[in-house]
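Visitor: I am new to this structure and would like a close look at one part of it. Please take the sheet with the salt bridge in it, and then set that part against the rest of the chain.

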Amino acid sequence: MIAYANPKLSSVTLRRTNEIEAEMQLKFNGTISAISVDGTQKNSVQYVRYRYKKTSETSYSSYTSILSSTTRSGTSFSFSNLELLNLDAGSSYDFHLQIQDRLFSLSSLDVYFVVPQGTPLVALRKQKVGINTPNPQATLDVGGNMRVSGSPLADFVIQQGASGIWTYRKWKSGIAECWGRKSVSTAIANNWGNIYTSGALTALNVSFPFTFTAVPTITANLTCNGTGAILMVPGSSPYPSVSSTGVYELARGSAASGSATYWVNFYVIGKV
């Protein structure tokens, strides 16, 4: 006489954790029927495996065996893995769990799940909150767009960084700002009426880290060390543009024929 020893699950949990690369957690336990021969239990779990596919696709992946990680004792079995695999949180998946005992396909237990698209990540890291980013770099770090209802918050930073001499920030409204310092070494000895100038300094025509939609507002001031001077805008090109500061020159009331080093500090703001 043959007894069909169908595996049975007492409980099973498959869920997605709140991660951008979503970790899947799988837990289950169950029993198989006993098959005794001369009083000796002969049945046992032979296969515990899973496969999956995106819901939008037609073919499953190959089976992955988890038999070695399954706890088996007599006719009972259980499994728990809180980090089974990573799946894209932006997609829905079909998941197939299969358990077979010694009668194989005659007593196969096949369980199918649909793993829905993931929910946004909320990460707490050392007094910082990240939304859709697992490693927040600011008190509130949002990966993607943000909408705030019933709040006076009108604008917020969507990108920031450094490029060349510049540190920059871009805002949700389309405003962008950058600031930086450029050094130049020059003599100031060209006579121009009652003052002396350096002539146009092309080294001070600095490219912005991005292109503005219109010529931005440029604020520039001069820092010097040991030799006094003033910062001027010459009448020659290149002029300020959507992509660079334009040229500048230095001036003094008396000539400084020896070369000295000066620093020009820029702050630029406009629309991108």
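Guide: What follows describes one sheet and then moves outward to the rest of the chain. The model is a predicted one.

The sheet is open and has four strands, in the order β6-β5-β9-β10, with antiparallel pairing. Its edge strands are β6, residues 64–65, and β10, residues 109–115, each of which pairs on one side only.

Begin at the β10 edge. Strand β9 covers residues 93–101, and seven bridges join β9 to β10, the two running antiparallel. Two of the partnerships can be found by residue. Tyr-93 has Val-115 of β10 as its bridge partner, and His-96 has Tyr-112 of β10.

Those two partners in β10 also belong to separate faces of the strand. Val-115 is on the covered face, along with Leu-109, Val-111 and Phe-113, while Tyr-112 is on the uncovered face with Asp-110 and Val-114. A general point helps in reading this list. In a regular strand the side chains alternate between the two faces of the sheet. The residue numbers in β10 can be read with that in mind: 109, 111, 113 and 115 are on the covered face, and 110, 112 and 114 on the uncovered one.

Now to the salt bridge. The side chains of Asp-94 and Lys-53 meet in one, with an N to O distance of 2.9 Å. Asp-94 is in strand β9 and Lys-53 is in strand β5, residues 45–54, so the pair links distant parts of the chain, 41 residues apart. In the order of the sheet, β5 and β9 are written next to each other.

Is this pair buried or exposed? Asp-94 has a relative accessible area of 13%, and it counts as buried because that is under the 20% cut-off. Lys-53, at 9% relative accessibility, is buried as well.

The structure holds two salt bridges. The other one is made by the side chains of Arg-169 and Glu-177, at 2.8 Å from N to O. Here the two residues fall into separate classes. Glu-177 is buried, with a relative accessible area of 7%. Arg-169 has 28%, which lies between the 20% and 50% cut-offs, and is therefore partly exposed.

Arg-169 falls within the residue range of strand β15, residues 166–171, which pairs with strand β14, residues 157–163, in the antiparallel sense over six bridges. One of the bridge partnerships is between Gly-161 and Tyr-168 in β15. The two strands form a hairpin with two residues between them, and Gly-164 in the turn has a positive phi of about 60°. As a general matter, most residues other than glycine have a negative phi, and most peptide bonds are trans.

The second half of that remark has a counterpart elsewhere in the chain. A cis peptide bond joins Ser-237 and Pro-238, with omega at about 10°. Pro-238 is in the loop between β20, residues 230–232, and β21, residues 249–252.

Next, the surface. Ile-175, Tyr-267 and Ile-269 form a nonpolar patch there, with about 200 Å² of accessible area together. Tyr-267 is in strand β22, residues 256–271, and counts as partly exposed at 30% relative accessibility. Another partly exposed residue is Leu-140, with a relative accessible area of 45%. Leu-140 is in strand β13, residues 140–142. From C-alpha to C-alpha, Leu-140 and Leu-124 are 9.8 Å apart in space, with their positions 16 residues apart in sequence.

The cysteines can be dealt with briefly. A disulfide is a covalent bond between the sulfur atoms of two cysteines. A search of the whole structure finds zero of them. Cys-178 is buried, at 0% relative accessibility, whereas Cys-224 is partly exposed, at 31%.

Finally, the chain as a whole. Its secondary structure comes to zero helices and 22 strands. Of its 272 residues, 33% are buried. The accessible surface comes to about 15,600 Å², and carbon and sulfur atoms account for 49% of that. Among contacts between residues at least 6 apart in sequence, 61% join residues at least 24 apart. The link between Asp-94 and Lys-53, 41 residues apart, is a case of distant parts of the chain being joined.

Note on methods:
Residues are numbered from 1 along each chain as its sequence is written. This is a predicted model: local features need pLDDT of at least 70, side-chain atom pairs count only at pLDDT 80 or more; totals for chains, interfaces and linings use all residues. Side-chain values use heavy atoms; hydrogens and water are left out. Two strands pair if DSSP finds at least two bridges between them. A disulfide is a pair of cysteine sulfur atoms within 2.5 Å. Buried means under 20% relative accessible area, exposed over 50%, partly exposed in between (1.4 Å probe, protein chains only). Contact means heavy atoms within 4.5 Å. Accessible areas come from the Shrake-Rupley method with a 1.4 Å probe; for residues, only the protein chains shown count as cover. Patches are made of residues with over 30% relative accessible area and no salt bridge: like charges are joined within 9 Å, nonpolar side chains (Val, Leu, Ile, Met, Phe, Trp, Tyr) within 5 Å. A salt bridge is a side-chain nitrogen of Lys or Arg within 4 Å of a carboxyl oxygen of Asp or Glu.
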